[in-house]
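Trainee: I am new to this one and would love a guided tour. Could we go through it together, one question at a time?

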Amino acid sequence: MHIARACTKEIGVSDLMDQRFAFLEKVIRSAGRLVKQGYDARTANTHAMKGPQDFLTETDLASEAHIRSAIAEAFPDDSFFGEEGGGSVEGNVWVVDPIDGTANFTRGVDHFCISIGFVADGVPEMGAIYNPVTEAFYCARRGQGATLNGRKLGVSNTAAFSAASIELGWSPRISNERYLHALSELLRIGSNVRRLGSGAMALAHVADGRSDAYVELHMNSWDCVPGLLIVSEAGGAVCPYLALGDLRAGGPVLAATPALAEGISKAVGIPLRADLL
Ligand code: LIP
């Protein structure tokens with residue numbers, strides 16, 4: 001599938017983007033088959049720990065290797081940056097989480113997904129999130145809207161914190177003190193606060209209205225770049241992630257239904273516009 005190199009002379013940049021978008025669905029679904037097989041075949045204690053609360057399975061590695069080699073074959077000039085193997089963030093880069101929510105995966109909780117985005121010179125162009133157990137396939141392309149299994153997505157219209165459900169992500173990368181402060185602020189403004197253990201799925205749930213917002217004080221780019229584009233294309237307000245942080249180092253994440261975004265931003269201290277930095 002040597003799409004890019006064979007065709008670069010004959011096709012323009014937007015055709016190449018179309019090729020990448022079609023490829024994105026194919027590769028995430030094929031990785032999904034592999035991840036589902038790994039999930040069905042898993043046994044207790046077959047994971048390793050990369051650090052505190054940071055799980056790794058053979059399936060994470062196999063899924064990333066599969067996606068990496070498919071991209072290298074189809075678009076050999078594109079860069080690759082993955083959770084397990086790292087890579088380059090220069091130029092046109094695919095950002096890949098082979099399983100987001102690995103802790104859920106290891107315990108038989110089917111709330112996990114594969115998350116893949118494509119960023120062209122700093123601009124997120126497309127993203128997809130796929131849960132191979134529920135077969136929920138979310139995708140978006142910049143300026144063209146977002147879909148869940150082909151159905152157009154829109155964020156919730158919740159306008160009052162007294163009716164809001166906000167998911168707050170956690171990782172040991174941030175001190176418990178800062179996390180607890182954000183939690184207490186979200187409770188203070190009146191919202192219900194959840195945590196389900198997959199940041200990428202959490203963003204997908206903002207895009208489809210199951211949650212009203214997602215907040216995490218630090219996320220890696222492979223977990224959130226695809227989801228932030230999906231939320232934005234579904235009509236949500238998102239923080240300027242790549243201005244607050246960068247692809248390699250990550251940064252804070254806020255994605256919300258528009259009526260609540262400003263209040264959440266003030267409560268947790270994550271700006272919604274780069275000029276407010
Ligand atoms: C983790 C997410 C978790 C989020 C963390 C981390 P992993 O990813 O699932 O919900 O809060 O920032 O990124 O390790 O499962 O790919």
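Mentor: Gladly, and let us start with a term: a polar contact is a pair of N or O atoms within 3.5 Å. Keep in mind as well that this is a predicted model.

Trainee: With that cut-off in hand, how far is an oxygen atom of the ligand from a polar backbone atom of Ile99?

Mentor: A pair of N or O atoms has to lie within 3.5 Å to be a polar contact. The backbone of Ile99 supplies a polar atom that meets an oxygen atom of the ligand, and the distance is 3.3 Å.

Trainee: How much of the ligand's accessible area does the protein cover?

Mentor: On its own, the ligand has 380 Å² of accessible area. The part covered by the protein is 91%.

Trainee: Which residues come nearest to the ligand?

Mentor: There are 17 residues around the ligand. Arg195 offers a polar side-chain atom 3.4 Å from an oxygen atom of the ligand, and Ser198 has a polar backbone atom 3.4 Å from a ligand oxygen. The residues that come nearest, though, are Asp100, Gly101, Arg173, Glu216 and Asp223.

Trainee: Let us move to strand E8. How many of its residues are buried?

Mentor: Strand E8 covers residues 136–141. Ala136, Tyr138 and Ala140 point one way, while Phe137, Cys139 and Arg141 point the other way, and all are buried. The count for E8 is therefore six of six, since buried means under 20% relative accessible area.

Trainee: Which residue of strand E9 is the bridge partner of Ala140?

Mentor: Strand E8 has E7 as an antiparallel partner, joined by six bridges, and there Gly127 stands opposite Ala140. E8 also pairs with E9 (residues 146–148) in the antiparallel sense, over three bridges. In E9, the partner of Ala140 is Ala146.

Trainee: In the hairpin of E8 and E9, which residue takes a positive phi near 80°?

Mentor: The hairpin of E7 and E8 has four residues between its strands, and Glu135 in that turn has a positive phi of about 60°. The hairpin of E8 and E9 likewise has four residues between the strands. Here the residue with a positive phi near 80° is Gly143.

Trainee: Is Arg141 buried or exposed?

Mentor: Arg141 lies in strand E8. Its side chain makes a polar contact of 2.7 Å with that of Asp18, and its contacts beyond four places in sequence include Phe21, Glu125 and Glu233. Its relative accessibility is 10%, so Arg141 counts as buried.

Trainee: Why does the salt bridge of Glu125 and Arg142 tie together separate parts of the sequence, and how many residues apart are they?

Mentor: The closest N and O atoms of Glu125 and Arg142 are 3.1 Å apart. Because Glu125 lies in strand E7 and Arg142 in the loop between E8 and E9, the pair ties together parts whose separation in sequence is 17 residues.

Trainee: Which residues are linked with Lys50 in a network of salt bridges?

Mentor: The count of salt bridges comes to 11. One of them joins the side chains of Lys50 and Glu84, at 3.0 Å from N to O. Lys50 is in strand E1 and Glu84 in the loop between strands E3 and E4, so this pair ties together parts that are 34 residues apart in sequence. The residues linked with Lys50 in the network are Glu83 and Glu84.

Conventions
Residues numbered from 1 in each chain as written. Predicted model: local features only at pLDDT ≥ 70, side-chain atom pairs only at ≥ 80, totals over all residues. Heavy atoms only, no water. Buried < 20%, exposed > 50% of the residue type's maximum accessible area, 1.4 Å probe, protein only. Helix = DSSP H or I, 4+ residues; strand = E, 2+ residues; numbered from the N terminus. Pairing = 2+ DSSP bridges. Polar contact = N/O pair within 3.5 Å; in protein donor to acceptor, adjacent residues only side chain to side chain. Contact = heavy atoms within 4.5 Å. Near = heavy atom within 4 Å. Areas by Shrake-Rupley, 256 points an atom, 1.4 Å probe, with all protein chains shown as cover. Salt bridge = Lys/Arg side-chain N within 4 Å of Asp/Glu carboxyl O.
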